[in-house]
Amino acid sequence: MYSLPAAYAALLAQLVNIDTTGPGCRAFTVPLASGEDSLAWLRTQPHRPQLWWQHRNGHEQVALCGAIHCYPTLWQAEQACRALPGNWRIWGSNRFEAANSFFFLPRLMWQQDDRGERLTLFIQSDRNLQEDAQSAARFLHQLRLPQPLPSMDGQLQQRQYQPQHTEWRQRVDSALTAIAAGELDKVVLARAVDLLWDRPLPPEALLAASRRANPHCYQFMLRFEDERALVCASPERLWLRQQNELLTEALAGTAARDADLILARQQAQWLLQDAKNRHENGLVVEDICYRLQDLVSGLEVMPVEVVRLRHLQHLRRRIHGELRSRSDALLLQRLQPTAAVAGLPRAAARAFLQRHEPLDRDWYAGSTGFISRQKSEFCVTLRCALVQGERVRLYGGAGIVAGSDAQQEWQETENKIAALAALLPASPAAKPRQGGKSATAHPA
């Protein structure tokens, strides 16, 4: 096991032997002694982009630093993946409008799983591997040792809502009119809250607080090259592909989760038995199966279950199938946006949002994860914050169906925004409502 300084030196020593002047790729791995926090390590590094990611099951953590190549679409990342070793991963995020994405082949990866902790350096070139080895050596010389994560201190200066409450009610009324006219079955409306502070807030500190407060979620921080950082604690898997085996899920149907365990169980039981929520979950299942029908064989839908989060509970049904051919870009096209973040029918819901929702969702309700030839996995980017200096933008969505109430849906978005807002210095968003029922049937 190596300390961090010894690991840096060991990786440098292995680069000395690279003499290939043609194309190629190599990966060098050294085991790390446990005890350091990879998130604290990542914050001190000068290289961009960065990604810290933890699986919702908690069995794998990854910290990525620097990029060999960046790709603006998942399709381009997939093409590049075909020339890489089968276990090399390209990581990144898709916006809600997935035509614009951000993916990168990392330079350095700190990985922790059931095999322990290790540091892996990647070099790759389509022209001259030795030149990239020299770039990697310069990269290693600039690495720093971790420092304790800073605290989230600050005073809230301003709070801005997009849309304001009156405009939200108008959008809900427009949605209900379209639903009554038969144009839609449902549409998911989104809100954003911009919080302006008296000083920059460290996104790593927000993620560290989220790791403690929001277990059983995908946790990640993606720091872009322009210093914006996307922080997320998402409960929802978009898909997992292992070779040709595909797992996805319908996460739709929402109830509050009370701090009292007896009340929380009662809320979960209500959710399981509520006809409206079960119907909405069934619609999402049907939509997923319809989108995948020509890509997979032997689709199997598992029984409904309750996913319990810190403030909310959701209905989930897992869906399993065997892909006839592998294409992560095609899976993205079929599965994003899900019915739980856009609506049904998908084309009609997206057309409605283009007319009635001027909010730029940006990365919210998109997807984040990795692809490789062997495996890919993405979560839906929910319960997220976009952090840029003194500004923190938080997002929440609500599924509008026949019978929805604008005020209840507003409160539902407050509950979802609170997943991260409650961790900020002044708890600036409303605290989650502790009622038993919810008018919203979607996890957006």
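**Exercise 1.** In this predicted model, locate Ser372 and decide whether Ser372 is buried or exposed.

*Solution.*
Step 1: Find the flanking elements. Ser372 sits in the loop between strands β17 (367–371) and β18 (375–380).
Step 2: Apply the cut-off. Buried means under 20% relative accessible area. Ser372 has 5% relative accessibility, so Ser372 counts as buried.
Step 3: List the surroundings. Apart from neighbours within four places in sequence, Ser372 is in contact with Cys81, Gly86, Asn87, Trp88, Arg89, Arg241 and Asp328.

**Exercise 2.** Which residues touch the most other members of the largest nonpolar core, and what does Ile90 touch?

*Solution.*
Step 1: Start from the core as a whole. The largest nonpolar core has 80 residues, and Ile90 and Trp239 touch the most other members. Helix α8 (residues 275–292) supplies the largest share of this core, six residues.
Step 2: Turn to Ile90. Residues up to four places away in sequence are not counted; the contacts of Ile90 are then Tyr71, Ala77, Ala80, Cys81, Leu84, Phe103, Phe104, Leu105, Gly369, Phe370 and Ile371.
Step 3: Look for another core. A second, separate core has 51 residues, among them Leu119, Leu129, Leu207 and Val231.
Step 4: Add the general rule. In soluble globular proteins, nonpolar side chains tend to be buried together.

**Exercise 3.** Where is the cis peptide bond before Pro163, and where is the one before Pro337?

*Solution.*
Step 1: Recall the usual case. Most peptide bonds are trans, and most residues other than glycine have a negative phi.
Step 2: Take Pro163. The bond between Gln162 and Pro163 is cis, with omega about 0°. Pro163 lies in the loop between β7 (156–162) and α5 (165–180).
Step 3: Take Pro337. Gln336 and Pro337 are joined by a cis bond with omega about -5°. The loop between α9 (328–335) and β16 (343–344) holds Pro337.

**Exercise 4.** What is the sign of phi in Ala365 and in Arg383, and are these residues buried or exposed?

*Solution.*
Step 1: Read phi for Ala365. The value is positive, about 70°, although Ala365 is not a glycine.
Step 2: Place Ala365. It is in the loop between α10 (346–356) and β17. Its relative accessible area is 1%, so Ala365 is buried.
Step 3: Read phi for Arg383. The value is near 50°, which is positive in a residue other than glycine.
Step 4: Place Arg383. It is found in the loop between β18 and β19 (384–388). Arg383 counts as buried because its relative accessibility is 5%.

Terms used: Residues numbered from 1 in each chain as written. Heavy atoms only, no water. Core = buried A, V, L, I, M, F, W, Y, C linked by side-chain atoms within 4.5 Å. Buried < 20%, exposed > 50% of the residue type's maximum accessible area, 1.4 Å probe, protein only. Helix = DSSP H or I, 4+ residues; strand = E, 2+ residues; numbered from the N terminus. Contact = heavy atoms within 4.5 Å.
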